[in-house]
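Here are some questions and answers for someone meeting this structure for the first time. They deal with how some of its parts are packed.

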Amino acid sequence: MADERQRRANDGGSARDRHVPVMLERTLELLAPALSKGPAVVVDATLGMGGHSEALLAAHPELTLVGLDRDPEALRLAGERLAPHSDRVHLVHAVYDEWTEALAGLGLSKVDGALFDLGVSSLQLDETDRGFAYAHDAPLDMRMDSGAPRTAADVLNTYSAAELTRVLRDYGEEKFAARIAAAIVRERAKAPFDRSGRLVELLYDAVPAASRRTGGHPAKRTFQALRIEVNAELEVLGRALPAALDSLAVGGRMVVMSYHSLEDRMVKRTFAERAKSKTPVDLPVELPGHGPEIRLLTRGAELASDAETAANPRAASVRLRAAERIKEAV
């Protein structure tokens, strides 16, 4: 067995070896009431390497799972992991804002559960040649779908200084965005950017030493911003959340795990809008059809425990929110 584990490690490992699902037990607990009443359908909108999906299928023998992912390699690895449940699994190569179309292609309009585990996956972080991790010199790619047209190098080499400033400020919350953008434009005039190591060196020079000492790695915010821009993550999420909520049957539940404040704020706003009454505040009674569509299942955003974070450092930044549909959308 030890030899087999070593062989898998040398080959990159199986999905199970390489991926530890974040807040797994809490996710199962929150979704269970919607999935344990007989046959049910759950959509894992960010399948990744299938850790959450595998646990859901094992916990609910009558469950049908629809797994979406924009990364063909993730779909392949998850397919291997979920093979024992293949008669109850539908894997779809799709970005999660294609939610409605993916369900329609399977003859579905309503589901009982929805799961979003946002951000970059373990697979993408671990494959250094994809350029997601600033700790390794690699091609400046950052595409979650290797067939997508735009790379991080394209952004760095073609965006104006103003556009780069916007991306770094809005998506990386980088207070030195203008300084970094100006440095990128100067450097690319000498030679186009193609590898992450050169960009990291530029960021060390552009970010003041005092900020480097207190603000974490100087590349963290820029790499986050580039990844979000390359994959249009916030635009996609803004379309996907309403579509997923609309597809939930009454009693259906949705869990969303975010890993930075921009995602979490969007989830918070979307849930809050659906959880409030649309009856004018000066009316003494609820108007028919104007009541809340969902109820919140979490008080604020829940965090991973200290024990989980110690065992799985990728859980350190997670923010989990959950909701249940309580009436049909009007």
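Q: At what angle do α11 and α13 pack, and are they parallel, perpendicular or oblique to each other?
A: In this predicted model, the axes of α11 and α13 are 10 Å apart. The angle at which they pack is about 130°. Angles of 65 to 115 degrees count as roughly perpendicular and those over 145 as roughly antiparallel. The two helices α11 and α13 are therefore oblique.

Q: How many residues of the contact of α11 with α13 are nonpolar?
A: From α11 come Ser196, Leu199, Val200 and Leu203, and from α13 come Thr222, Phe223 and Leu226. None of the residues in this contact is charged and two are polar. The number of nonpolar residues is five.

Q: Where around the axis of α10 do its buried residues lie, on the same side or on opposite sides?
A: The buried residues of α10 are Ala177, Ile180, Ala181, Ala183, Ile184 and Arg188. The arc they cover around the axis is only 160°, so they lie on the same side of α10.

Q: Which exposed residues does the face of α10 turned away from its buried side carry?
A: The buried residues of α10 are covered by elements including α8, α9, α11 and α13. The face turned away from that buried side carries the exposed residues Arg186, Ala189 and Lys190.

Q: Is His260 buried or exposed?
A: His260 sits in the loop between β5 and α15. Among the residues it touches are Gln224, Arg227, Ile228 and Leu234. Its relative accessibility is 11%, and the cut-off is under 20%, so His260 counts as buried.

Definitions and conventions: Residues are numbered from 1 along each chain as its sequence is written. This is a predicted model: local features need pLDDT of at least 70, side-chain atom pairs count only at pLDDT 80 or more; totals for chains, interfaces and linings use all residues. Side-chain values use heavy atoms; hydrogens and water are left out. Helices (H or I, at least four residues) and strands (E, at least two) are DSSP runs, numbered from the N terminus. Buried means under 20% relative accessible area, exposed over 50%, partly exposed in between (1.4 Å probe, protein chains only). Contact means heavy atoms within 4.5 Å. The arc is that of the directions from the helix axis to the C-beta atoms. Axes are lines fitted to C-alpha atoms, for helices over the stretch in contact, and angles run from 0 to 180 degrees between N-to-C directions. Angles under 35 degrees count as roughly parallel, over 145 as roughly antiparallel, 65 to 115 as roughly perpendicular and the rest as oblique. Ala, Val, Leu, Ile, Met, Phe, Trp, Tyr, Cys and Pro count as nonpolar, Asp, Glu, Lys and Arg as charged, and the others, Gly among them, as polar. Lists of a residue's contacts leave out its neighbours within four places in sequence.
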